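Me: Hi! I've got a structure open and would like to talk through it with you. Could we start with the charged pairs?

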Amino acid sequence: RFTDQEREQISSDIPDLADKPLISIVMPVYNVDPKWLMRALESITGQLYENWELCIVDDASTSEETLRYLKSITHPRVRIRYLDSNRNISGATNEAIRYANGEYIAFMDNDDELTEDALYYVVKTINAGKADIIYSDEDFIDLDGEYVDPNFKPDYSPDLLLSHNYITHLVVVSKALVEQVGLLDSRYDGAQDHEFLLRLTEQTSQIRHIPRVLYHWRRSETSTSLSSDAKPGALLSARKALQDTLKRRNIEAEVLDEKAPFFFRVKRKIHDVPLVSIVIPFRDKPDLLSLCVNSILDHSTYENYEIVAISNNSRSSETYSLVSKLEEKSKRFRCIEFNEEFNFSRVVNYGVSQSKGEYLIILNNDIEVISWDWIE
């Protein structure tokens with residue numbers, strides 16, 4: 001993925017970094033195919049940034065192949081602990097965190113891979129300013145070994161995180177924040193990383209997104225990266241994580257399923273009924289205006305609203321006939337004129353100045369409302 005010139009550029013930049021924190025990569029292992037574990041390990045030992053340690057915790061694997069491979073690892077910066085009993089994903093990850101010495105904790109699954117510049121960009125981000133949580137873009141390794149479906153993420157979006165764990169991988173967190181918030185909670189196994197992120201992001205605003213693919217998430221028959229059916233309990237855990245987060249934050253809302261697994265809608269309870277002003281600029285085209293306004297009047301379940309239609313140099317008699325009919329149909333509708341040279345911003349601003357609502361909806365005249373609770 002890199003030219004020799006690109007590698008040399010990064011390698012020459014690393015010595016100039018003011019801070020070179022130790023990054024502890026925590027990796028729970030359980031009965032993984034050694035060939036995937038080897039790929040994961042190679043992607044770590046090949047990092048261009050070298051101040052890292054890998055903390056592996058074997059979660060009482062029963063596979064002789066897995067155990068044989070683990071015992072063959074001799075790299076000086078790879079530390080391995082073997083558990084006597086199976087503690088599942090959260091318990092094993094927590095043991096790896098306790099085992100870590102680094103200033104930052106990086107989370108990695110035992111069959112995934114890092115790009116060789118992953119830790120370099122993490123540390124470069126840390127050097128650029130205070131950062132408690134760092135996350136990157138990612139892609140997937142399909143069953144044929146190809147890199148597919150890159151996931152280019154937004155910068156930190158708290159509302160999106162309440163609907164879906166869009167952050168996933170790569171995630172790096174300051175150990176101080178982890179110690180402040182507490183470790184992973186096994187009650188949410190299957191969605192433990194989402195629940196953990198929800199708690200972490202409540203305690204810091206220093207959240208940085210690296211807009212680069214730094215993590216390859218392997219698709220397999222036992223991973224939710226391929227199908228949510230692989231871990232059916234994970235969906236229940238994800239819902240519970242959101243419900244408990246809302247309760248902790250004192251947000252009155254219900255968690256609704258959306259059209260894809262692990263996507264939810266947090267529908268908040270509305271306590272007041274403020275006046276909402278719907279501002280619609282238009283010039284003639286009565287067919288569009290009729291469809292737009294009638295869809296609002298006929299479909300809206302919210303009752304405290306007004307429609308302020310702003311005519312900008314309309315000329316058609318059909319338009320004025322329609323306006324009269326709409327004013328007769330509902331007292332919520334009124335039309336005002338702004339007959340100056342067209343400037344969309346000025347037309348809208350005039351409509352806003354004539355509105356009475358506490359909230360505003362700026363609506364084009366070619367919009368048709370199809371959801372009953374769209375104002376809510």
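Reply: Happy to! A salt bridge here is a side-chain nitrogen of Lys or Arg within 4 Å of a carboxyl oxygen of Asp or Glu. Keep in mind that this is a predicted model. By that rule, Arg87 forms a salt bridge with Glu95, with the closest N and O atoms 2.9 Å apart.

Me: How many salt bridges does the count come to by this rule?

Reply: The count comes to 23 salt bridges.

Me: Back to Arg87 and Glu95. Is Glu95 buried or exposed?

Reply: Glu95 counts as buried because its relative accessibility is 9%. Arg87 has 35% relative accessibility, so Arg87 counts as partly exposed.

Me: What about the salt bridge of Arg212, who is the partner there?

Reply: Arg212 pairs with Asp117, and the closest N and O atoms are 3.5 Å apart. This pair links distant parts of the chain, with the two positions 95 residues apart in numbering. Arg212 is in strand 9 (residues 207–218), while Asp117 is in the loop between strand 5 (113–114) and helix 5 (118–128).

Me: And how accessible is Asp117?

Reply: Asp117 has a relative accessible area of 2%, so it is buried. Arg212 is partly exposed, with a relative accessible area of 35%.

Me: Where do Glu195 and Arg199 lie?

Reply: Both are in helix 8, four residues apart, which is about one turn of the helix. Their side chains meet in a salt bridge, at 2.9 Å from N to O. Glu195 is buried at 2% relative accessibility, and Arg199 is buried too, at 14%.

Me: Which residues do salt bridges with shared partners join into one network?

Reply: Arg81, Arg87, Glu95 and Arg98 are joined that way.

Me: Nice. Now helix packing: at what angle do helix 8 and helix 9 cross?

Reply: Helix 8 (residues 192–200) and helix 9 (residues 233–248) cross at roughly 15°, and their axes come within 10 Å. Angles under 35 degrees count as roughly parallel, so helix 8 is roughly parallel to helix 9. The crossing is right-handed.

Me: Which residues meet there?

Reply: On the helix 8 side you have His194, Glu195, Leu198 and Arg199, and they meet Ala241, Leu242, Thr245 and Arg248 of helix 9. By class, the residues of this contact divide into three nonpolar, two polar and three charged. Glu195 and Arg199, the salt-bridged pair from before, are both part of this contact.

Me: How far apart are the axes of helix 10 and helix 11?

Reply: Their axes are 10 Å apart, and helix 10 (residues 286–299) packs against helix 11 (residues 317–329) at an angle of about 10°. These two helices are therefore roughly parallel to each other.

Me: What does the contact of helix 10 with helix 11 have by class?

Reply: It has six nonpolar, three polar and three charged residues. Helix 10 brings residues including Leu289, Val293 and Leu297, and helix 11 brings others, among them Leu322 and Leu326.

Me: Changing topic: what does His164 touch?

Reply: Not counting residues up to four places away in sequence, His164 touches His194, Phe262 and Phe263. His194 also takes part in the contact of helix 8 with helix 9. His164 lies in the loop between helix 6 (158–163) and strand 8 (171–174) and is buried, with a relative accessible area of 17%.

Me: Which residues does a cis peptide bond join?

Reply: His169 and Leu170, with omega about -20°. Leu170 is in the loop between helix 6 and strand 8.

Me: What is the phi of Asn88?

Reply: Asn88 has a positive phi of about 65° although it is not a glycine. Asn88 is in helix 4 (residues 88–99) and counts as partly exposed at 44% relative accessibility. Lys285 also has a positive phi, about 50°, and is not a glycine either. You'll find Lys285 in the loop between strand 12 (276–282) and helix 10.

Me: Last one: which residues does Leu119 touch?

Reply: Leu119 touches Ile23, Ile25, Gln47, Tyr49 and Trp52, not counting residues up to four places away in sequence. Leu119 is found in helix 5 and is buried, with a relative accessible area of 0%.

How values were computed
Residues are numbered from 1 along each chain as its sequence is written. This is a predicted model: local features need pLDDT of at least 70, side-chain atom pairs count only at pLDDT 80 or more; totals for chains, interfaces and linings use all residues. Side-chain values use heavy atoms; hydrogens and water are left out. Axes are lines fitted to C-alpha atoms, for helices over the stretch in contact, and angles run from 0 to 180 degrees between N-to-C directions. Angles under 35 degrees count as roughly parallel, over 145 as roughly antiparallel, 65 to 115 as roughly perpendicular and the rest as oblique. A crossing is left-handed if the near helix is turned anticlockwise from the far one by less than a right angle, and right-handed if clockwise. Contact means heavy atoms within 4.5 Å. Ala, Val, Leu, Ile, Met, Phe, Trp, Tyr, Cys and Pro count as nonpolar, Asp, Glu, Lys and Arg as charged, and the others, Gly among them, as polar. Buried means under 20% relative accessible area, exposed over 50%, partly exposed in between (1.4 Å probe, protein chains only).
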